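Hello,

Here is the structure I promised to pass on. Please open it first, then read my notes below.

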Amino acid sequence: KVLEGLDVESLAKYISSDKCKKIVLMLGAGVSTSAGIPDFRSPGTGLYANLARLNLPFPEAVFEINFFRRNPVPFYTLAKELYPGKFRPTPTHSFIKLLADHSLLHVCFTQNIDTLERRAGIPDDKIIEAHGSFAVQRCIDCKVLYDDDLMKEKVTAGEVATCEECGGYVKPDIVFFGEALPPQFIQTIPQVGEADLLIILGTSLTVHPFASLAEMAGRKCPRVLINLEGVGGIGSRPDDLLLLGKCDDIVRELCQALGWENKLEEEWEK
Ligand code: OAD
């Protein structure tokens with residue numbers, strides 16, 4: 001076994017040792033809920049439970065490319081609520097920044113489109129936005145880029161942006177169901193196999209191919225799940241560690257065990 005015990009102290013000891021040099025992270029919506037952004041699948045509070053008002057045939061339709069082509073209004077309604085700028089990174093994001101500062105962060109794979117990783121100061125070259133983001137947008141037909149400021153105006157006004165060249169609907173470069181993941185994601189997959197530690201935070205591990213990354217960690221790489229609930233069969237390997245609870249709470253505990261508690265709060269206050 002790589003970890004001495006299955007607890008936060010053993011994890012902190014391993015992270016502080018010279019055996020742990022490359023940490024790979026997999027993030028989901030649960031790392032941003034404390035910022036005020038709902039996740040997707042939590043019963044009651046998740047976005048999919050609250051989309052009835054949008055008259056969708058089924059909740060995921062809001063992120064289906066074929067549905068968007070017919071009716072982009074539900075997506076734009078949601079985009080207005082989720083638009084980046086309104087939200088501030090969480091202590092969990094600050095913890096990831098600290099990992100980067102300690103040269104321990106190998107790759108941070110995220111499914112989140114809220115860009116809070118960048119806002120927390122995590123270096124761009126360490127972040128793989130597997131499901132894209134709101135950072136740029138383009139026409140779904142002719143693919144011409146659409147201006148950032150104009151997009152912001154449209155989204156804030158609750159209007160659908162249309163292409164100035166061909167009139168097609170404009171969509172942020174968020175990966176919808178039915179679309180390919182970005183090439184950077186595909187190219188970076190092999191780096192999971194290089195990890196000395198995999199930490200999975202705030203995701204239900206239900207959406208593939210992202211969820212499959214967890215299976216690509218080497219047999220000697222401990223896998224840690226920090227989440228409200230057990231997911232994705234994490235726990236099936238001897239070095240799997242389940243830390244169930246709110247990620248900010250668990251990250252604070254871990255930082256305390258690492259002696260980083262003051263650094264964490266300082267980073268988060270920034
Ligand atoms: P989900 O909503 O499916 O899962 C979020 C997970 O985080 C759940 O297991 C929650 O229990 C957990 N959670 C919520 N708040 C938490 C907290 N404060 N601390 C710890 N855990 C918490 O979200 P994702 O797994 O990110 O795709 O969803 C994956 C993809 O499905 C998304 O990227 C999105 C969606 O369809 C696209 O938009 C393309």
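**The annotated site**

UniProt, in an unreviewed entry, places the feature "active site" at His131. Keep in mind that the model is predicted. His131 is found in the loop between β3 (127–129) and β4 (132–139). Is His131 buried or exposed? Its relative accessibility is 14%, so it counts as buried; the cut-off for buried is under 20%. Leaving out residues up to four places away in sequence, His131 touches Thr110, Gln111 and Ile113. It also touches Asp173, Ile174, Val175, Leu181, Val207 and Phe210.

The same UniProt record type gives a domain. An unreviewed entry places "domain: Deacetylase sirtuin-type" at residues 1–261. That span is 26% helix and 17% strand. Its end C-alpha atoms lie 28 Å apart.

**Backbone points to check**

Most residues other than glycine have a negative phi, and most peptide bonds are trans. Three places are worth a look with that in mind.

- The peptide bond from His208 to Pro209 is cis, with omega near 10 degrees. Pro209 lies in the loop between β7 (197–201) and β8 (223–227).
- Leu205 lies in the loop between β7 and β8. Its phi is positive, about 50 degrees, although Leu205 is not a glycine. Leu205 counts as buried because its relative accessibility is 8%.
- Lys143 has a positive phi of about 70 degrees, and it is not a glycine either. Its place is in the loop between β4 and β5 (145–146). Lys143 counts as partly exposed because its relative accessibility is 49%.

**Helix packing**

Two packed helices are described by the angle between their axes and the distance between the axes. Three pairs follow.

Start with α4 (residues 91–101) and α9 (residues 261–269). They pack at about 115 degrees, with their axes 9 Å apart. That angle makes α4 roughly perpendicular to α9. The crossing of α4 and α9 is right-handed. Which residues in α4 meet α9? They are Pro91, Ser94, Phe95, Lys97, Leu98 and Asp101. On the α9 side are Lys263, Leu264, Glu267 and Trp268. By class, this contact of α4 with α9 has five nonpolar, one polar and four charged residues.

Helix α9 also packs with α8 (residues 247–258). The axes of α8 and α9 come within 7 Å and cross at roughly 130 degrees. The two helices are therefore oblique to each other. From α8 come Val251, Arg252, Cys255 and Gln256. They meet Glu261, Leu264, Glu265 and Trp268 in α9. The residues of this contact of α8 with α9 divide into four nonpolar, one polar and three charged. Note that Leu264 and Trp268 of α9 appear in the contact with α4 and in the contact with α8.

The last pair is α3 (residues 73–82) with α6 (residues 148–157). Their axes are 8 Å apart, at an angle of about 100 degrees. Helices α3 and α6 are therefore roughly perpendicular to each other. Tyr76, Ala79 and Lys80 in α3 meet Met151, Val155 and Thr156 in α6. This contact of α3 with α6 has four nonpolar, one polar and one charged residues.

**Where to begin**

I would start at His131, the position UniProt gives for the "active site" feature. Then go on to the loop between β7 and β8, which holds Leu205 and Pro209.

Best wishes

Note on methods
Residues are numbered from 1 along each chain as its sequence is written. This is a predicted model: local features need pLDDT of at least 70, side-chain atom pairs count only at pLDDT 80 or more; totals for chains, interfaces and linings use all residues. Side-chain values use heavy atoms; hydrogens and water are left out. UniProt positions are given in the numbering used here, feature names are shortened, and annotations may be inferred rather than shown by experiment. Helices (H or I, at least four residues) and strands (E, at least two) are DSSP runs, numbered from the N terminus. Buried means under 20% relative accessible area, exposed over 50%, partly exposed in between (1.4 Å probe, protein chains only). Contact means heavy atoms within 4.5 Å. Axes are lines fitted to C-alpha atoms, for helices over the stretch in contact, and angles run from 0 to 180 degrees between N-to-C directions. Angles under 35 degrees count as roughly parallel, over 145 as roughly antiparallel, 65 to 115 as roughly perpendicular and the rest as oblique. A crossing is left-handed if the near helix is turned anticlockwise from the far one by less than a right angle, and right-handed if clockwise. Ala, Val, Leu, Ile, Met, Phe, Trp, Tyr, Cys and Pro count as nonpolar, Asp, Glu, Lys and Arg as charged, and the others, Gly among them, as polar.
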